[in-house]
Each structure stands twice: as C-alpha cells, then as structure tokens.
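Opening the notebook on a new model. I'll jot down what I look up as I go.

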Amino acid sequence: MKVRRRLRGLGAAAVKKTVYALPNSDEALEDFEWLRREIEADGGSAVIAEAEFVEGISDEELDAMLESERDGPRSEPKRSVAADTVQPGRTWVTREGINVDRIASAWLIQRFIDEDARFKFVPARGYRPKPTELRFDMFEAEYTHVGEDCTFQTLLRRFGLRDRGLSAIGEVVHDIDCKDDRFNRPETTGTAALIRGIVQSRERDKDRLERGTALLDDLYEFFRKQRT
C-alpha cells in the first residue's frame, strides 16, 4: 500500500498489476531509483527497466494514462550510528542540473558540515569519483537517500545535526523531492514554487546554488525562531 501511494505521488501509470511507467527522463529515473531503495530497505525487490511497447498498448494510450495520473489526486530502517566527521575543504560531488534536494544538501554541507567545501557537478551516469571526493544525492553516493529519507535528511542523521530549523527544512525538502506529502508542512508549496523559479531561471548549477543558499538561509532563520 505504501509503495502504491508513492507511485501515485510520482505520477506513475499502472500498466499492469506490478508494472508502473514514467516518461524516460533523468528526473523519472531518479524518482524510481529512490523508490527502489525504499522498497529494498523494507525487504522487497524492484527492477527498473527502459522499455518500448511492441503491442498491447500504444504510446498515445500510455501518454493518456500518465496525463490522467498527473491530473489525479496525490497521496501521502533509519541508520543509527555515531556522527560522521570529514576533513575540511573536501570536494563534494553531485549530479549536474541540481534541484531541491541537491541544492538544500549543498547548503547544509557548506553551512553546517564543511564550511570550506568545494562542489563539483557531474553527469548523472558514468562518472568515476576520485578517492578524495565525497558524493551526495547520486547513485551509490556516500550520502544519498536511505529508506524513506531524502539526502538532506540522511546528512542530518549521519552528522548528528539536531536542530529544529534544519529538521523542518528536511521535512519540506523531503515532500518536494519525494513527492509523497509525508510531512505536509504549510511552507512546502511556497518553497517548491521558489525552487522551481530558481531552476527555471538559471542554467548554471553554481548560480542555482548561490540563489538557493540565500533562500535557505532565510528559511532556516524563519524555522529556527518559531516557538513551536
């Protein structure tokens, strides 16, 4: 049931009882990869495949199914270890075309984990990291989605960052990135719109991070000063 709710939240079309489809895009692949990790964390298994339908369903029918899911309603094990530490000034690597979780995670790294951090933005597939580099929010990264946590939340847990302002931002980032409305904070919709504006108006990842940093600084101060 939880997986079906997540698939509905992603806008996936149910082609068969256990086969769901999304358009062939980097964002859709990322959504499926995170969901697969959640399924495996709960003891299940899932396979992600790139496919073409030969017969039984047309591209037009599949497009209509996906459009129906987009227009329809959306719905709704943690690691416990000693806090990680890193040597200052590390190079942190993530996928190019940064969006909400990568923007927020980079902000968190530079503000609270490694103030001298350097960032590198690389293609989604085929990059081989150097021994001194740390990867985040990408496949097989040192810091990425774990179970139901987005990368921002994984970083909070791994580095022992217990701060209500950061936790609140993590909940907002989770719901935008995972598309599951798990926390349903009132600030999520507005933050998502601002992040979309940053992404749509800036092509360079460096510029997205710079503008996102200013946004997250203000959002952190807002959450930090709330009484409840």
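**Entry 1: K179**

Where is the place of K179? I found K179 in the loop between α6 and α7. Before going on, a reminder to myself that this is a predicted model. I looked up the backbone of K179 next: its phi is near 60°, a positive value in a residue other than glycine. Is K179 buried or partly exposed? K179 counts as partly exposed, because its relative accessibility is 23% and the buried class stops under 20%.

I then checked D181, which lies in the loop between α6 and α7 as well. D181 comes out at 35% relative accessibility, so I put it down as partly exposed. From D181 I went back along the chain to E171: they are ten residues apart in sequence, and their C-alpha atoms are 9.3 Å apart in space.

**Entry 2: the second largest pocket**

K179 turned up again when I went through the pockets. Which residues lie nearest the centre of the second largest pocket? I noted E27, N99, V100, I176 and K179, out of a lining of 31 residues. The space in this pocket is about 740 Å³. I asked which elements give two or more residues to its lining, and got α2 (26-41), α4, α6 and α7 (188-201). Of these, α7 gives the most, with seven residues.

What is the chemical make-up of the lining? I have 16 charged residues, seven polar and eight nonpolar.

**Entry 3: the whole chain**

I stepped back for the overview. The chain has 228 residues, and 44% of them count as buried. Its secondary structure comes to eight helices and five strands. Reading from the N terminus, I wrote the order down as α-β-β-α-α-β-α-β-β-α-α-α-α.

**Entry 4: β3 and its partners**

Next I picked β3, residues 91-95. How many of the residues of β3 are buried? Five of the five are, so I noted β3 as largely enclosed by the rest of the structure.

I looked up its strand partners. β3 runs parallel to β4 (residues 118-122), and five bridges join the two. For single pairs, I wrote down T94 with F121 of β4 and R95 with V122 of β4. β3 also pairs with β5 (residues 133-135), again in the parallel sense, over three bridges. There I noted W92, whose bridge partner in β5 is L134.

How is the connection from β3 to β4 made? Helix α4 (residues 100-113) goes with the two strands to make a β-α-β unit, and I recorded the unit as right-handed. α4 is also on my list of elements lining the second largest pocket.

**Entry 5: the loop between β5 and α5**

I moved on to the loop after β5. D137 lies here, between β5 and α5, and its phi is near 50°, a positive value in a residue other than glycine. Is D137 buried or exposed? D137 counts as buried, because its relative accessibility is 0%.

M138 has its place in this loop between β5 and α5 too. With a relative accessible area of 5%, M138 is buried. What does M138 touch, leaving out residues up to four places away in sequence? I got W34, V93, T94, R95, V122 and T144. Two of these names were already in Entry 4 as a bridge pair, R95 and V122. I also checked M138 against A124: the two are 14 residues apart along the chain, with 7.3 Å between their C-alpha atoms.

**Entry 6: α5**

Last, I went to α5, residues 151-158. Why did I note α5 as largely enclosed by the rest of the structure? Seven of its eight residues are buried, so that is how I put it down. The buried ones are T151, F152, Q153, T154, L155, L156 and R158. I asked what they pack against and found α4 and α6 (164-178). Both of those helices are also among the elements lining the second largest pocket. After α5 comes G160, and I noted its phi as positive, near 60°.

Key
Residues are numbered from 1 along each chain as its sequence is written. This is a predicted model: local features need pLDDT of at least 70, side-chain atom pairs count only at pLDDT 80 or more; totals for chains, interfaces and linings use all residues. Side-chain values use heavy atoms; hydrogens and water are left out. Two strands pair if DSSP finds at least two bridges between them. A crossover is right-handed if, with the strands pointing away from the viewer, the path from the first strand over the helix to the second runs clockwise. Buried means under 20% relative accessible area, exposed over 50%, partly exposed in between (1.4 Å probe, protein chains only). Contact means heavy atoms within 4.5 Å. On a 1 Å grid over the protein atoms alone, a cavity is a set of points where a 1.4 Å probe fits but cannot get out, and a pocket is an open set with protein on both sides within 12 Å along at least five of seven lines; lining residues have an atom within 4 Å of a point. Grid points are joined across faces, edges and corners, and a volume is the space filled by probe spheres set on the points. Ala, Val, Leu, Ile, Met, Phe, Trp, Tyr, Cys and Pro count as nonpolar, Asp, Glu, Lys and Arg as charged, and the others, Gly among them, as polar.
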